[in-house]
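Good morning, colleagues. Please have the sequence and the model open in front of you while I speak.

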Amino acid sequence: MSKVAVVYWSGTGNTEKMAEAIVDQLKTKEVEVDLLQASEFDKSKVNDYDGFAFGCPAMGSEELEDSEFEPMFEDVENELSSKPTMIFGSYEWADGEWIETWQERCEDDGINLVDDGVKAYDDPDDEALEKVRNVADKLAEAL
């Protein structure tokens, strides 16, 4: 059975809702899943998993959260090229540019993204949750 780490940081609970939807969807595909906060994950755990879903909301001026998520992601990003990965998160201002910037960073690092990053405005609505489930399906297929 394949194993996926869903690693996230959430300040308001919106990105956490997306993470939980991914976990639930992957379980329907008979994938073993660990739901981890960013502070619980580091490079030493990368080889324990077959794939990843990373979630972080937009912070500041369209950036990743910088005290826990960014340091963790910086630590692991060069270890992800051979593992299927998805990215997701929520935002509450501007147009969600941070997800495009993050996606470009992943592509520049050679990370094996299974699809474009999924963003949700504020509290994820049914459409956003459906998108995140669809990309979770692609992640499961890529394992």
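The surface that the protein exposes comes to about 6,900 Å², and carbon and sulfur atoms supply 38% of that area. I should say at once that this is a predicted model. As for charge, there are 12 positive and 38 negative side chains, and the centres of these two sets lie 6 Å apart. Buried residues make up 50% of the 143 residues.

Let me turn to the overall architecture. The protein has four helices and six strands. Read from the N terminus, these elements follow the order β-α-β-β-α-β-α-β-β-α. The radius of gyration is 13 Å, close to the 15 Å that the globule rule gives for 143 residues, so the protein is as compact as a globular protein of that length. The C-alpha trace spans about 40 × 30 × 25 Å along its principal axes. Of the contacts with a separation of 6 or more, 77% are accounted for by residues 24 or more positions apart.

I come now to helix 1. This helix covers residues 14-28, and at 1.5 Å a residue its 15 residues should span 21 Å; the end C-alpha atoms are 22 Å apart, which agrees. Which residues of helix 1 are buried? They are Asn-14, Thr-15, Met-18, Ala-19, Ala-21, Ile-22, Val-23, Gln-25 and Leu-26. In reading such a list, one may recall that an α-helix has 3.6 residues a turn, so residues three or four places apart point the same way. The buried residues of helix 1 pack against strand 1 (3-8), strand 2 (32-37), strand 3 (51-55), strand 4 (84-91), strand 6 (118-121) and helix 4 (126-142).

Two residues of helix 1 deserve individual attention. Thr-15 is in helix 1, and Thr-15 counts as buried because its relative accessibility is 0%, where the cut-off for buried is under 20%. Apart from neighbours within four places in sequence, Thr-15 is in contact with Tyr-8, Trp-9, Ser-10, Gly-55, Cys-56, Pro-57, Phe-88, Gly-89 and Ser-90.

The second residue is Gln-25, also placed in helix 1. Gln-25 is buried, with a relative accessible area of 15%. With neighbours within four places in sequence set aside, the contacts of Gln-25 are Arg-133, Ala-136 and Asp-137. By contrast, the C-alpha atoms of Gln-25 and Tyr-121 are separated by 21 Å, and these two residues are 96 residues apart along the chain.

Those contacts lead us to helix 4. Helix 4 has 17 residues and reaches 24 Å from its first C-alpha to its last, close to the 24 Å expected at 1.5 Å a residue. Its buried residues are Ala-128, Leu-129, Val-132, Val-135, Ala-136, Asp-137, Leu-139 and Ala-140. What covers the buried residues of this helix? The cover includes strand 1, helix 1, strand 3, strand 4 and strand 6.

Within helix 4, I would single out Asp-137. This acidic residue is buried, with a relative accessible area of 16%. Leaving aside neighbours within four places in sequence, Asp-137 is in contact with Gln-25 and Lys-29.

Next, a proline in a loop. Pro-57 sits in the loop between strand 3 and helix 2 (69-76). Is Pro-57 buried or exposed? Pro-57 is buried, with a relative accessible area of 8%. Not counting residues up to four places away in sequence, Pro-57 touches Trp-9, Thr-15, Glu-63, Leu-64, Glu-65, Ser-90 and Trp-98. From C-alpha to C-alpha, Pro-57 and Glu-92 are 8.8 Å apart in space, with their positions 35 residues apart in sequence.

Finally, I wish to mention two backbone features. Glu-30 has a positive phi of about 60 degrees although it is not a glycine. The position of Glu-30 is just after helix 1, in the loop between helix 1 and strand 2. Glu-30 is exposed, with a relative accessible area of 63%.

The other case is Asp-122, a residue other than glycine whose phi is positive and near 60 degrees. Asp-122 lies in the loop between strand 6 and helix 4. At 33% relative accessibility, Asp-122 counts as partly exposed.

Thank you for your attention.

Notes. Residues numbered from 1 in each chain as written. Predicted model: local features only at pLDDT ≥ 70, side-chain atom pairs only at ≥ 80, totals over all residues. Heavy atoms only, no water. Rg over C-alpha atoms; globule rule 2.2 N^0.38 Å. Buried < 20%, exposed > 50% of the residue type's maximum accessible area, 1.4 Å probe, protein only. Contact = heavy atoms within 4.5 Å. Areas by Shrake-Rupley, 256 points an atom, 1.4 Å probe, with all protein chains shown as cover. Lys, Arg positive; Asp, Glu negative; His and termini not counted. Charge placed at Lys NZ, Arg CZ, Asp CG, Glu CD. Expected span 1.5 Å × (residues − 1).
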